[in-house]
Amino acid sequence: MNPTRLCACAIAVGICVPALAQYKVVQPDGRILYTDRPPISTDARVTPIGTPAAALPREVGLPPALRRTSERWPVTLYAAPDCAPCDSARQWLQQRGVPYSERLVVSNDDILALDRLSGARTLPALNIGAQALRGFSAAEWDSYIDVAGYPRESALPAGWQPPPPRPLVARVPVSPNPAASVREQATAPREAPSAAADQAASGGLRF
């Protein structure tokens with residue numbers, strides 16, 4: 001539904017819903033309350049609405065024009081720990097005023113997923129919408145960010161921070177078996193890592 005029509009409908013029925021309301025509470029006497037906190041009363045009928053605060057998208061709180069651009073052309077940084085070019089990419093994005101999310105590439109599954117997404121195993125990588133950029137180049141990234149419509153001067157609110165980085169491929173928890181683990185550690189032969197093993201562990205990533 002068009003946001004203007006949605007706003008008009010809300011005004012027409014006399015409802016005022018706070019922008020970050022997460023619960024619709026119907027009191028026993030019929031009064032309706034919208035709130036961002038779960039009510040204490042057990043007599044009220046509570047209906048969750050919208051998105052929980054912990055899962056609010058990074059666009060919340062951005063100026064309207066920047067929010068629209070970020071929703072149309074979301075920016076995702078693919079990076080790794082201990083990667084100097086990745087640090088430069090983060091710094092550039094924040095100085096340019098580009099709201100972004102970050103996905104970490106640390107496991108073999110992450111590396112394979114990065115290869116499928118960008119067609120290479122080069123870090124950092126950047127997605128602007130569906131456009132994939134490989135390696136950090138301020139001039140190249142600037143040109144694509146300009147075309148996407150991001151402002152030349154930062155319009156990020158003071159103190160804005162990107163969401164915490166997440167692994168590119170979700171980790172599958174493994175149920176530990178302490179007894180078996182102790183036995184395996186006691187009986188497994190210890191082998192010195194080989195150069196080939198070290199290279200395989202890196203997955204052939206290039207910085």
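**Exercise 1. Aromatic residues**

Task: Find which residues form one aromatic cluster in this predicted model, and how many aromatic pairs the structure holds.

Solution: Begin with the cluster, which is formed by W92, F136 and W141. Then turn to the structure as a whole, which holds four aromatic pairs. To describe any such pair, one gives the distance of the ring centres and the angle of the planes.

**Exercise 2. The disulfide and the residue before it**

Task: Determine how many disulfides a search of the whole structure finds, which cysteines form the bond, and whether C83 and C86 are buried or exposed.

Solution: The first step is the search of the whole structure, which finds one disulfide. The second step is to name its partners, C83 and C86, whose sulfur atoms are 2.3 Å apart. The third step concerns handedness: the torsion about the S-S bond of C83 and C86 is about 75°, so the disulfide is right-handed. The fourth step is accessibility, where residues under 20% relative accessible area count as buried; C83, at 1%, is buried, and C86, at 0%, is buried as well. D82, by contrast, has a relative accessible area of 80% and is exposed. This residue is found in the loop between β4 (75-79) and α3 (84-96), and its phi is near 55°, a positive value in a residue other than glycine. Most residues other than glycine have a negative phi.

**Exercise 3. The sheet and its central strands**

Task: Work out the order of the strands in the open sheet, which strands stand at its edges, and how β4 is placed with respect to burial.

Solution: Start from the order, which is β7-β6-β4-β5-β8 in an open sheet of five strands with mixed pairing. At the edges stand β7 (131-134) and β8 (166-167), each with a single partner strand, so one side of each is left without a neighbour in the sheet.

Next, follow the pairings of β5: five bridges join β4 to β5, and these strands run parallel, with V75 standing opposite Y100 in β5. The pairing of β5 and β8 is also in the parallel sense, over two bridges, and here L104 stands opposite P167 in β8.

Finally, consider burial in β4, where five of the five residues are buried, so the strand is largely enclosed by the rest of the structure. Both of its faces are covered, with V75, L77 and A79 buried on one side and T76 and Y78 buried on the other.

**Exercise 4. The surroundings of E102**

Task: Establish where E102 lies, whether E102 is buried or exposed, and which side chain is joined to that of E102 by a polar contact of 2.8 Å.

Solution: The place of E102 is in strand β5 (residues 100-104), and with a relative accessible area of 7% this residue is buried. A polar contact of 2.8 Å joins its side chain to that of R90. Leaving aside neighbours within four places in sequence, the residues in contact with E102 are L77, A79, R90, P165 and R166.

**Exercise 5. Helix α4 and what follows**

Task: Identify the buried residues of helix α4, and find which residues a cis peptide bond joins.

Solution: In α4 (residues 108-118), the buried residues are D110, I111, A113, L114 and S118. They cover an arc of only 165° around the axis, which puts them on the same side of α4. Just after the helix, G119 takes a positive phi of about 80°. The cis peptide bond joins L123 and P124, with omega about -5°, and P124 lies in the loop between α4 and β6 (125-128). Most peptide bonds are trans.

Definitions and conventions:
Residues numbered from 1 in each chain as written. Predicted model: local features only at pLDDT ≥ 70, side-chain atom pairs only at ≥ 80, totals over all residues. Heavy atoms only, no water. Phe/Tyr/Trp six-rings, centres within 6.5 Å; stacked < 30°, edge-to-face > 60°. Disulfide = S-S within 2.5 Å. Buried < 20%, exposed > 50% of the residue type's maximum accessible area, 1.4 Å probe, protein only. Helix = DSSP H or I, 4+ residues; strand = E, 2+ residues; numbered from the N terminus. Arc of directions from axis to C-beta. Polar contact = N/O pair within 3.5 Å; in protein donor to acceptor, adjacent residues only side chain to side chain. Contact = heavy atoms within 4.5 Å. Pairing = 2+ DSSP bridges.
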